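Biologist: Before I plan anything at the bench, I would like to go through this model with you. Could we take the questions one at a time?

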Amino acid sequence: MIRALLLRHHRRILLVLVLVLPLLSMYVHGKPREGSTLAERMLLRVTSPLAAATGAFEDALIGIWTGYVDLVGVRERNADLEAQNRELLGEALRSRALGEELRRVKRLCAFREAKSELRTVPARVVGREVSQFFRVLRVRLDVGEMDEVQEGQAVVTHDGVVGRIEKRSGDYADVMLVTDARSAAHATIAGKGVVGTARGKGKQKEFGVEFVHLDRAERQEPIEPGDAVLTTGHDRVFPAGLEIGHITEATPSRAGPYFEYTLTPAVTFATLEEVLIVVAHSAPAGELPAPEAARKQRLRVDPANTPDG
Amino acid sequence: MKHLAWLLCFVGLLALEAPLLRSAEHAWLVPDVLVLGAIYLGSRGDWAAGLLTAAAVGLFKDGFSLAAPVGVFTEIGALGFLATRLVGQRVDLGSPMPTMATCGVGTFIATGLFLLFELIFHRAFGAFEEALRAVPSIALGTMLLALPVFAGLDRVGALFDRGERMRGVSRRLR
């Protein structure tokens, strides 16, 4: 009888169940309560893995879309970023240049303090005359209105000798570098007991290379590459004890009675920015190796390069 | 079997819909799959199996959303199915335009029912304004999605109908 009743009214029963049960569920689940019900837990258990899987799938699709398809505006943004990048690179380079300048000036100041016997004035390099092979032949300094700067004065840095003031006109002064063919400086090889003259070679293809004429008589120790060549101060132009350069070849060539060694200058002229001009210094009295004294000591010096010569 | 296959299809669509609904950025663009299910089942399904399937789709939507009390979407699914049965007697739901129009109107009614149930059973719900503001775009999305979804489900139903016909022929031959 119940079965017949169910069969006859199955539509109505189904309708009531489908419409009333959700209402009951809403009533139960709408109440404020702690924790979740069995129905919620079961639904979560069924739907959570599906939602997670489709979520991952959609994330992948969105990733493909945003990474490979939806690139509208990327070109403009890229141009903006490139411009920004250029600006930042410029700033970084300026900062680096300022840092370098600060380091150089610090070293120059330290050198100036160490050489307190010299009276020097600072100057900035404003121009370089270069050959077609990019060898620096001459530098120009901005000396301003400093009257004490005169032709013939030595120009030095903390690294060593640069050259001498060749010509001054107004606020500017041209420097003849120690590598110039006309340049000569009285020199000694540190710790080797020999003196001579460091001359510029001035050859087009021998960049930054100069000749030194040295007397080898009575030499105790062999001359080796890397040996520092220093000024003696006897020429009354360059103060004593400044580095001119270092020996690059151990084997000398003969030029008459002299031995010639090739030097590399201590100063890199191409990157020179700040220098010191020696406006006054005390020559090492009594140390001038006169030809007679040199002969006594069995040392041979080129007479043309002594102050008297 | 046909209704079970349709149910699986709708569950798949709900699963795809769920992550989008959780994203505030995309929620207002997501079509209402439950409305599609209720209207499709109401227009193509059998009475009893269709009603149960529509309610089951609603129950799954309850499971995926869990923002509303369990039963809200089940009720909306069942009511939507019954309403479509009534509308289907006067409107040709096999044609594209009436189908789209029914889906659009159905979305508005479903949202209204949702808000009504929320108001009655779920006092904590407070986003009525946002829900009303999102309805037009959701309705538009539902209308646009209706035709491809219905076409796909028709193909699925046709597969089962053909299978049943073949089984009937072979039974008669035996």
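Biologist: Is Phe117(B) buried or exposed?

Modeller: This is a predicted model, and in it Phe117(B) lies in helix H5 of chain B. A residue counts as buried when 20 or more other C-beta atoms lie within 10 Å of its own. Because Phe117(B) has 22 other C-beta atoms within 10 Å, it is classed as buried.

Biologist: Which residue of chain A does Phe117(B) touch, leaving out residues up to four places away in sequence?

Modeller: Within chain B, Phe117(B) touches Val72(B) and Glu75(B), and its C-alpha atom is separated by 9.4 Å from that of Ile76(B), 41 residues apart along the chain. The residue of chain A that Phe117(B) touches is Met26(A).

Biologist: Which helix gives the largest share of the largest nonpolar core?

Modeller: The largest nonpolar core has 47 residues, and Leu14(B), Leu34(B), Leu36(B), Ala54(B) and Ala55(B) are those with the most contacts inside it. Helix H2 (10–30) of chain A supplies at least two residues of this core, as does each of several chain B helices, including H1 (2–22), H3 (47–65) and H5 (96–121). The largest share, nine residues, comes from H3(B).

Biologist: How many residues are in the second, separate core?

Modeller: In soluble globular proteins, nonpolar side chains tend to be buried together. Here the second core includes Met176(A), Phe238(A), Leu242(A) and Ile244(A), and the number of residues in it is 43.

Biologist: How many strands are there in chain A?

Modeller: Of the 309 residues of chain A, 28% count as buried. Chain A has five helices, and its strands number 13.

Terms used
Residues numbered from 1 in each chain as written. Chains lettered and ligands numbered in written order. Predicted model: local features only at pLDDT ≥ 70, side-chain atom pairs only at ≥ 80, totals over all residues. Helix = DSSP H or I, 4+ residues; strand = E, 2+ residues; numbered from the N terminus. Buried ≥ 20, exposed ≤ 12 C-beta atoms within 10 Å, placed from the backbone. Core = buried A, V, L, I, M, F, W, Y, C linked by C-beta atoms within 7 Å. Contact = placed C-beta atoms within 7 Å.
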